[in-house]
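User: Hey, got a minute? I'd like to walk through this fold with you before I head back to the bench.

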Amino acid sequence: MDVLKVGVIGCGAIGREHIKRLHNKLQGSRVVAVMDVFPESAQRGADLVGSDCKIYDNIEGIVNDSDVDALVVTTPGFAHKEPIMAAIKAGKPVFSEKPLATTAADCKEIVDAEMAGGKKLVQVGFMRRYDKGYRQVKELLDGGTFGKPLLAKCTHRAISVDPSYTTDMAVTDTAIHEIDCMHWLLDDDWTQVQVIMGADTKHAHEGLKDPQIMIFKSKKGYTVILEVYVNSNFGYDINCEVVCEEGVINLPAPAYPTVRKNQMISTPIEQDWMNRFIDSYDVELQEWIDDTKKGEVNGPSAWDGYIAAVTADGLVASQTSGVMEDVSVGET
Ligand code: NAP
């Protein structure tokens, strides 16, 4: 296969970014069809491609189009399951933005459907795994010279959030990245999780608990402590430090020039996630295109999506109970 012909389902913010990537920027793919429940959104997606892009208003149509080799799902999370299940039924590879689905039960249904079909088809958009810095941390950890990881400290801070952002979204929308990324970095599964609420910031809207501290315990005995603070009022600030037996690996925010002016030394800080991880999206989708053309899935799997959902359920339960909650995913 020279060119992977892709159908994109959901033409909102990230959908349109991925259409541009798949059609114009990356090697070996083009977008041949788009679908969105809202005709204007679908048209906006198709306009990025050109007049020969087909527009669908239903999932069955785009998934079963014989011109479409593979699907990219960029609908809101609650609308991921239906197109993923349709793609599995049609035997077509499907890349879905995170989360795989919004409940652990729905994720398990996807895992079971994929396994029943006997072929790996699903990849989940956990793009941190494609970030250069995180990949270097993984190489250092896997290299063995730092010894056993003992604990990790992470921060996930944003400037502010929309009024529609609720307390549980600190887990399902925000911490979900660390849930997957730290499971991948440490090559381990979570056994227990807990949320401890910080003192509320005045910058949070009515009813939102912010910041929150999340604690993860793993099977091999590692502990991860994550600060989620989405109304920091200063920037998008992602940090990760892994403390090992033979040393410490620290992944700070990417560097910008430091300037000396007005009796101050200052350095700008990243303002949004799009800029911080822009290269990761390119690497993620380029690897997906290359793997898909070879008939392989090597990125975050449906099982990883299920693990993330089960872990998120435990954290959301702990937001109310305040105690350690057990996380149990069973066996693959
Ligand atoms: P968005 O702007 O709301 O886009 C979603 C699009 O899908 C909208 O055009 C929406 O229409 C449409 N849609 C809604 N229900 C649909 C359905 N049943 N079938 C087909 N289309 C439907 O959302 P977004 O910010 O692009 O986010 C989309 C997904 O990407 C989410 O799962 C999000 O978590 C994920 N995401 C991931 C990252 C990352 O870092 N990996 C970053 C951002 C977003 P309306 O707008 O008219 O409802």
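User: Which residues in the largest nonpolar core touch the most other members?

Analyst: Before that, keep in mind this is a predicted model. In the largest nonpolar core, which has 77 residues, I62, Y134, I179, M214 and F216 touch the most other members.

User: Take I179. What does I179 touch, leaving out residues up to four places away in sequence?

Analyst: I179 touches V171, W190, F216, A308, T311, A312 and L315. F216 is also one of the core residues I just listed.

User: And what's in the second core?

Analyst: That one is separate and has 18 residues, including V31, V34, A70 and F95.

User: OK, sheets now. What's the strand order in the sheet with 6 strands?

Analyst: The order is β3-β2-β1-β4-β5-β6, in an open sheet with parallel pairing. β3 (54-56) and β6 (122-125) are the edge strands, each pairing on one side only. From one strand to the next, the twist averages 25 degrees.

User: How many bridges do β4 and β5 share?

Analyst: There are 3 bridges, in the parallel sense, between β4 (residues 70-73) and β5 (residues 94-97). L71 stands opposite V94 in β5 there.

User: Which strands does helix α1 lie across?

Analyst: Helix α1, residues 13-25, lies across β1 (4-9), β2 (29-35), β4 and β5. Relative to β2, helix α1 runs at about 150 degrees.

User: There's an arginine in that helix, R21. Buried or exposed?

Analyst: R21 counts as buried because its relative accessibility is 4%, and the cut-off for buried is under 20%.

User: So what is R21 in contact with, beyond its sequence neighbours?

Analyst: Leaving aside neighbours within four places in sequence, R21 is in contact with L26, I278, Y281, D282 and L285. Y281 comes up again at the ligand, as one of the residues that come nearest.

User: Good segue. Which other residues come nearest to the ligand?

Analyst: Besides Y281, they are I14, D36, F38 and K98, out of 24 residues around the ligand.

User: Where are the polar partners of the ligand's nitrogen and oxygen atoms?

Analyst: I can give you three. A ligand oxygen atom is 3.4 Å from a polar backbone atom of G12. A ligand nitrogen atom is 3.0 Å from an N or O atom in the side chain of E97. For G125, a polar backbone atom is 3.5 Å from a ligand nitrogen atom.

User: Switching to the sheet with 7 strands. What's the order there?

Analyst: β12-β11-β7-β10-β9-β8-β15, again an open sheet, with mixed pairing. The edge strands, each pairing on one side only, are β12 (247-251) and β15 (325-326).

User: How do β7 and β11 run, parallel or antiparallel?

Analyst: Antiparallel, with 8 bridges joining β7 (residues 149-157) to β11 (residues 237-244). K153 has E241 as its bridge partner in β11.

User: What about β7 with β10?

Analyst: β7 and β10 pair in the parallel sense over 7 bridges, and H156 has V228 as its bridge partner in β10.

User: Is β10 mostly buried or exposed, and why?

Analyst: Buried: 6 of the 7 residues in β10 (residues 223-229) are buried, so the strand is largely enclosed by the rest of the structure. β10 also pairs with β9 in the antiparallel sense over 6 bridges, with I213 opposite E227. In the hairpin of β9 and β10, which has 4 residues between the strands, G221 takes a positive phi near 100 degrees.

User: Which helices lie across this sheet's strands?

Analyst: One of them is α6 (residues 132-143), which lies across β7, β11 and β12 and runs at about 165 degrees to β12. Another is α10 (residues 302-321), lying across β8 (190-197), β9 (212-218) and β15, at about 35 degrees to β8.

User: Last one: T191 in β8. What does T191 touch?

Analyst: Not counting residues up to four places away in sequence, T191 touches K217, S218, K219, E325, D326 and V327. T191 counts as partly exposed because its relative accessibility is 27%. Also in this region, β8 and β15 pair in the antiparallel sense over 2 bridges, with Q192 opposite D326.

Key:
Residues numbered from 1 in each chain as written. Predicted model: local features only at pLDDT ≥ 70, side-chain atom pairs only at ≥ 80, totals over all residues. Heavy atoms only, no water. Core = buried A, V, L, I, M, F, W, Y, C linked by side-chain atoms within 4.5 Å. Buried < 20%, exposed > 50% of the residue type's maximum accessible area, 1.4 Å probe, protein only. Contact = heavy atoms within 4.5 Å. Pairing = 2+ DSSP bridges. Axes fitted to C-alpha atoms, helices over the stretch in contact; angles between N-to-C directions. Near = heavy atom within 4 Å. Polar contact = N/O pair within 3.5 Å; in protein donor to acceptor, adjacent residues only side chain to side chain.
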